[in-house]
Amino acid sequence: MMNEILAAWQWIGSVSEPVPYGEGHINQTYAITVTSEQGAKRYILQKINTDTFKDPAGLMENICGVTDFLREKAKQRGADPARATLHVVLTKAGKPYYQATDGSCWRIYDFVENTVCLQQVQSAEDFYQSAVAFGDFQHQLADYPANTLHETIPHFHDTPKRFADFQRAVAEDRMGRAAQVQREIEFVRAREADYHVMVDLLAAGKLPLRVTHNDTKLNNILFDKTTGEGLCVIDLDTVMPGLAANDFGDSIRFGANHCAEDEPDLSKVNFSIELFEIYTKGFLQAAGEAFTTLEKQTLSWGAKLMTMECGMRFLADYLEGDHYFHINYEQQNLNRARTQFKLTADMEENWDAMQKVIEKYC
């Protein structure tokens, strides 16, 4: 099967056996090396997870549109386009992906050499650089027509719909677990009015639709191995139309704390206003001029709502029997939910301080 897949591309030289690569959970990723008289060149081969992404053609149309656009922007500002964004290698048939005879879908990217991918924040500088990278992503794509993008996962950050899904999970209580987590359920329900804030502003035309990444974790950036600079945003499968505050908020949820996502000791789970400031500074320095005043003012809402949304998804999955998020022990999704709720409560206590930080860098 692998021979059939690799034969869909035009190679000059001999192609190595694919070797598993990276730490991603959604797609299967491999590195391949093509050796010719000119030397060796590496590529990334990926099997697209069509259970998660049911429209591979739309997904690849998004990725090609956005990366072509970013490549042109890189050329205009004198940056190296081969390192500023991913590059999809077209098949012999001129297609951005190949559908094999067994129905599986595959794509190939150029390998971006001399880069490193960090799995967790090792220093404040790492977090700052990630903010600059994702802020620059927003800045470069500010005039991209977001409404032309496909929704690769419909309603991904539709918080009211996520709440409705959560309510259904509570009502069905498939595993008989709801009675033991009433405090957590009430925490989610008590904030119902918050879940409409951003979608209502978008519906009213007060916030613009943006090209959003929707998975703005540190490990979705390639850093230059020498300078430590954030070079290139990767894992573009969830690039969709959305709100800039959601991308900002997902980074804050992930990075503005010092705890594991499933930390059972909630006394160790604390929202860091210092890390929030470091990220806000980098994000707004890189993207600020592209945003409206209201977009900047609602960044704190992005942080709170992305954290709450993630927490209610973890709790709903726990109630439904842990079928969506992979777990290593029975209470992991419950612990994950509790950390998100503790971070949310901390944000609520620090709300005025968060707003002052945003005003400082506006």
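Phe223 sits in strand β9 (residues 221-224), with strands (E, at least two residues) and helices (H or I, at least four) taken as DSSP runs and numbered from the N terminus. The model is predicted, so local features need pLDDT of at least 70 and side-chain atom pairs count only at pLDDT 80 or more, while totals for chains, interfaces and linings use all residues. Residues are numbered from 1 along each chain as its sequence is written, and side-chain values use heavy atoms, with hydrogens and water left out.

With a relative accessible area of 2%, Phe223 is buried; that label means under 20% relative accessible area, against over 50% for exposed and in between for partly exposed (1.4 Å probe, protein chains only). Setting aside neighbours within four places in sequence, Phe223 is in contact with a list of residues that includes Asn114, Val116, Leu118, Gln129, Leu218 and Leu231, contact being heavy atoms within 4.5 Å. Ile5 is another matter: its C-alpha atom and that of Phe223 are separated by 30 Å, with the two positions 218 residues apart along the chain.

Ile5 turns up again in a core of 14 residues, along with Leu6, Trp9 and Trp11; this is a second core, separate from the largest one. A nonpolar core here is a set of buried Ala, Val, Leu, Ile, Met, Phe, Trp, Tyr and Cys residues joined through side-chain atoms within 4.5 Å. The largest has 88 residues, and Val66, Phe166, Val188, Ile252 and Leu315 touch the most other members. Helix α11 (residues 299-320) gives the most to this core, 11 residues in total. As for Val188, residues up to four places away aside, its contacts are Phe163, Phe166, Tyr195, Met308, Met312, Leu315 and Phe341.

Helix α11 also helps to cover the buried residues of α9, as do α4 (124-140), α8 (244-255), α10 (293-297) and α13 (351-361). Among those buried residues are Leu275, Phe276, Tyr279, Phe283 and Leu284. The 15 residues of α9 (residues 273-287) should span 21 Å at 1.5 Å a residue, and the end C-alpha atoms are 20 Å apart, which agrees; the expected span is 1.5 Å times one less than the number of residues.

Then there are the loops. Most residues other than glycine have a negative phi. Asp173, in the loop between α5 (159-172) and α6 (182-189), has a positive phi near 40 degrees and is partly exposed at 24% relative accessible area. Asp235 lies in the loop between β10 (230-233) and β11 (240-242); its phi is positive too, near 55 degrees, and Asp235 is partly exposed at 32%.
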